[in-house]
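Trainee: I am new to this one, and I would like to ask how each label is earned. Could we look at it together?

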Amino acid sequence: YPLCALAVSALDLGCHSVKEVLLASQRAHYFTYDLASAKATRSSDRIGTLQGKGADKMIKSFVYSPDGKFLALLTVRGFIMILSNATKQWICNFEVAGTILHAAFSPDSKTLYATGGGGQVFVWDMGTRRCVHKFTDTRA
């Protein structure tokens with residue numbers, strides 16, 4: 001794939017030994033670039049179970065969990081798709097009403113925090129895959 005033609009909006013070298021680079025660019029897919037073989041692989045447009053239009057699945061950014069188990073893909077319309085970092089297989093979706101601005105895992109990778117529009121903060125338990133707390137940051 002001609003990576004030089006890709007307008008990259010999110011790039012991360014991973015969390016442990018760097019073997020691949022993930023690139024995303026507000027599309028319903030991403031690329032993994034294997035550093036050893038110098039080959040790029042395009043993901044499927046059918047990640048997970050999102051059934052909406054393409055804009056629902058457009059990836060705007062992503063974060064890795066510190067333990068290297070999870071990859072969280074943030075979409076432009078309020079979804080977080082959780083993938084296995086090792087296999088890139090879909091695990092589950094988290095959803096917020098509105099947009100997601102940022103996300104981060106706790107240091108032990110057991111919790112995912114996400115901020116949304118209007119100062120909303122969402123806290124998900126990665127073991128149960130449930131939102132365990134939601135509050136508004138009044139300083140936002």
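Trainee: What stands opposite alanine 103 in β10?
Mentor: Alanine 114 does. Keep in mind that this is a predicted model, so everything we discuss is computed from it.

Trainee: How do you know that β9 and β10 are paired, and in which sense do they run?
Mentor: Two strands pair if at least two bridges are found between them. Five bridges join β9 to β10, so the requirement is met. The two strands run antiparallel.

Trainee: What lies between these strands, and which residue there has a positive phi?
Mentor: They form a hairpin with five residues between the strands. Serine 109 takes the positive phi, near 65 degrees.

Trainee: How many bridges join β11 to β12?
Mentor: Six bridges join them, and these strands run antiparallel. Since pairing asks for at least two bridges, β11 and β12 therefore count as a pair. Within it, aspartate 125 stands opposite arginine 130 in β12. The hairpin of β11 and β12 has four residues between the strands, and arginine 129 in the turn has a positive phi of about 60 degrees.

Trainee: Which sheet do these strands build, and what makes a strand in it an edge strand?
Mentor: The sheet is open, with four strands in the order β9-β10-β11-β12 and antiparallel pairing. β9 and β12 are the edge strands, as each pairs on one side only. From one strand to the next, the twist averages 20 degrees.

Trainee: Where is lysine 134 found, and what does it touch?
Mentor: Lysine 134 is found in strand β12, residues 130-136. Leaving aside residues up to four places away in sequence, lysine 134 touches Gln120, Val121 and Phe122. Take valine 121: it is 13 residues from lysine 134 in sequence, and 5.6 Å away in space from C-alpha to C-alpha.

Trainee: What is the order of the strands in the sheet that contains β5?
Mentor: That open sheet has four strands in the order β5-β6-β7-β8, with antiparallel pairing. Its edge strands are β5 (59-64) and β8, each pairing on one side only. The twist there averages 20 degrees from one strand to the next.

Trainee: How do you know that β5 and β6 pair?
Mentor: They share five bridges in the antiparallel sense. At least two are needed, so they count as paired. For phenylalanine 62, the bridge partner in β6 is leucine 73.

Trainee: Why is the pair of phenylalanine 94 and tryptophan 124 called stacked?
Mentor: A search of the whole structure finds four aromatic pairs. In this one the ring centres are 4.8 Å apart and the planes are at 5 degrees. Centres must lie within 6.5 Å to pair, and planes under 30 degrees apart count as stacked, so the name fits on both counts.

Trainee: What does that pair tie together?
Mentor: Phenylalanine 94 lies in strand β8 and tryptophan 124 in strand β11, so the pair ties together parts that are 30 residues apart in sequence. Both residues are buried.

Trainee: What makes phenylalanine 122 and tryptophan 124 a stacked pair?
Mentor: Their centres are 5.7 Å apart, with 15 degrees between the planes. Those values satisfy the limits of 6.5 Å and 30 degrees, so this pair is stacked. Phe94, Phe122 and Trp124 form one aromatic cluster.

Trainee: Which residues have the most contacts inside the largest nonpolar core?
Mentor: Ile80, Ile82, Phe94, Leu112 and Trp124 do, in a core of 17 residues. Among the strands that each supply at least two of its residues are β7 (79-84) and β10 (111-116). Apart from it lies another core, of seven residues, including Phe62 and Leu71.

Trainee: What does tryptophan 124 touch?
Mentor: Not counting residues up to four places away in sequence, its contacts include Ile80, Phe94, Leu112 and Cys131.

Trainee: And how many helices and strands does the chain have?
Mentor: The chain comes to zero helices and 12 strands. Of its 140 residues, 41% count as buried.

Definitions and conventions
Residues are numbered from 1 along each chain as its sequence is written. This is a predicted model: local features need pLDDT of at least 70, side-chain atom pairs count only at pLDDT 80 or more; totals for chains, interfaces and linings use all residues. Side-chain values use heavy atoms; hydrogens and water are left out. A nonpolar core is a set of buried Ala, Val, Leu, Ile, Met, Phe, Trp, Tyr and Cys residues joined through side-chain atoms within 4.5 Å. Buried means under 20% relative accessible area, exposed over 50%, partly exposed in between (1.4 Å probe, protein chains only). Contact means heavy atoms within 4.5 Å. Rings of Phe, Tyr and Trp (its six-membered ring) pair if their centres lie within 6.5 Å; planes under 30 degrees apart count as stacked, over 60 as edge-to-face and the rest as tilted. Axes are lines fitted to C-alpha atoms, for helices over the stretch in contact, and angles run from 0 to 180 degrees between N-to-C directions.
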